[in-house]
Amino acid sequence: MSTQPPNTTLTERGGARVAVHPDARAASAAIAESFAAQATEAVRARGQFSVALTGGSGPVRAYRLLAEEPLRSRIPWEGVHLFWGDERCVPPGHARSNFRMASEAFIARVPIPPENVHRMRGELPPPRGARAYAEELAAFFGAGVPRFDLIHLGVGPDGHVASLFPFTPPLRERDRTVTTNLHLPLGEPRITLTLPVLNAAARIELPVLGADKSAIAWAVLRGPIDPFRYPAQLLRPMDGEMAWMVDAAAAGRLIG
């Protein structure tokens, strides 16, 4: 058994950096601090900071910290632009809405201009919602593939990121920035950014917390290369960096 302690950084497949923290609280604090630092620097340098948020339970604690002091007052909210990596095709007030989770966690509690919140329209028919979001990205970033300052991505127990599920056609999408997919176990349609957009980001951060994520973290980072089975293996930033922000429980197989 390795004696390598938490609070360290591992370098894994594809140059991914894995920041290991003692527990979920420490990892969440690091995720929130990273957001605040990047936002401050980007707004100072360029006047705006673009970030695509993720859903799921992993980032909730970190997102809540953004609305608490000292981070709430440090972040230049007037220059922060919030987007989403994916969304369930439900209304924004639905319990499964990624927008609702982020809104309750921090958006409704910070002084961000409403026009800076670019949510996916999950209440629209999926193809229409995807087209509308592609148009919103183009209006903000211009033509071509958008380059986000930061993208947050969860990793599902099957290795999916955003709503790019194993063995599904959107894994091969190279022309569109936004597409639709179907979560087969629930029969739930989704809207999702595509891999070219994810891999164009300046930085990707993956909040991966809990012992139930230990097996998939190992499979993606050290297991056999099988990217259509484990879509997270398709994350390869072209001109950026990728960091897994994990707690010791999620890193158990990596450091054990």
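The following exercises, each with a worked solution, concern selected helices, strands and one residue of a predicted model.

Residues are numbered from 1 along each chain as its sequence is written, and side-chain values use heavy atoms, with hydrogens and water left out. In this predicted model, local features need pLDDT of at least 70 and side-chain atom pairs count only at pLDDT 80 or more, while totals for chains, interfaces and linings use all residues.

**Exercise 1. Helix α1**

Task: Compare the expected span of helix α1 with the distance between its end C-alpha atoms, and describe its two ends.

Solution.
1. Helices (H or I, at least four residues) and strands (E, at least two) are DSSP runs, numbered from the N terminus.
2. Helix α1 covers residues 24-46, which is 23 residues.
3. The expected span is 1.5 Å times one less than the number of residues; for α1 this gives 33 Å, and the end C-alpha atoms are 32 Å apart, which agrees.
4. At the N-terminal end, Asp-23 acts as a cap, with a side-chain oxygen 3.3 Å from the backbone nitrogen of Arg-25.
5. After α1 comes Gly-47, which has a positive phi, near 90°.

**Exercise 2. Helix α7**

Task: Determine how far helix α7 is enclosed, and by which elements its buried residues are packed.

Solution.
1. Buried means under 20% relative accessible area, exposed over 50%, and partly exposed in between (1.4 Å probe, protein chains only).
2. Of the eight residues of α7 (214-221), six are buried, so the helix is largely enclosed by the rest of the structure.
3. These are Ser-214, Ile-216, Ala-217, Ala-219, Val-220 and Leu-221.
4. They pack against β2 (17-21), β10 (241-247) and α8 (252-255), where contact means heavy atoms within 4.5 Å.

**Exercise 3. An open sheet**

Task: State the strand order of the three-stranded open sheet, and explain why β5 and β7 each have one side without a neighbour in it.

Solution.
1. Two strands pair if DSSP finds at least two bridges between them.
2. The order is β5-β8-β7, with antiparallel pairing.
3. β5 (86-88) and β7 (178-183) are at the edges with a single partner strand each, so one side of each lacks a neighbour in the sheet.
4. Between β7 and β8 (residues 188-193) there are six bridges; Val-178 has Leu-193 in β8 as its bridge partner.

**Exercise 4. Residue Ile-151**

Task: Decide whether Ile-151 is buried or exposed, and list its contacts beyond four places in sequence.

Solution.
1. Ile-151 belongs to strand β6 (residues 150-152).
2. Its relative accessible area is 0%, so Ile-151 is buried.
3. Leaving aside neighbours within four places in sequence, Ile-151 contacts Ala-52, Val-197, Leu-198, Ala-201, Arg-203, Ile-204 and Glu-205.

Notes: A polar contact is a pair of N or O atoms within 3.5 Å; within protein, one must be able to donate a hydrogen and the other to accept it, and residues adjacent in sequence count only if both atoms are side-chain atoms.
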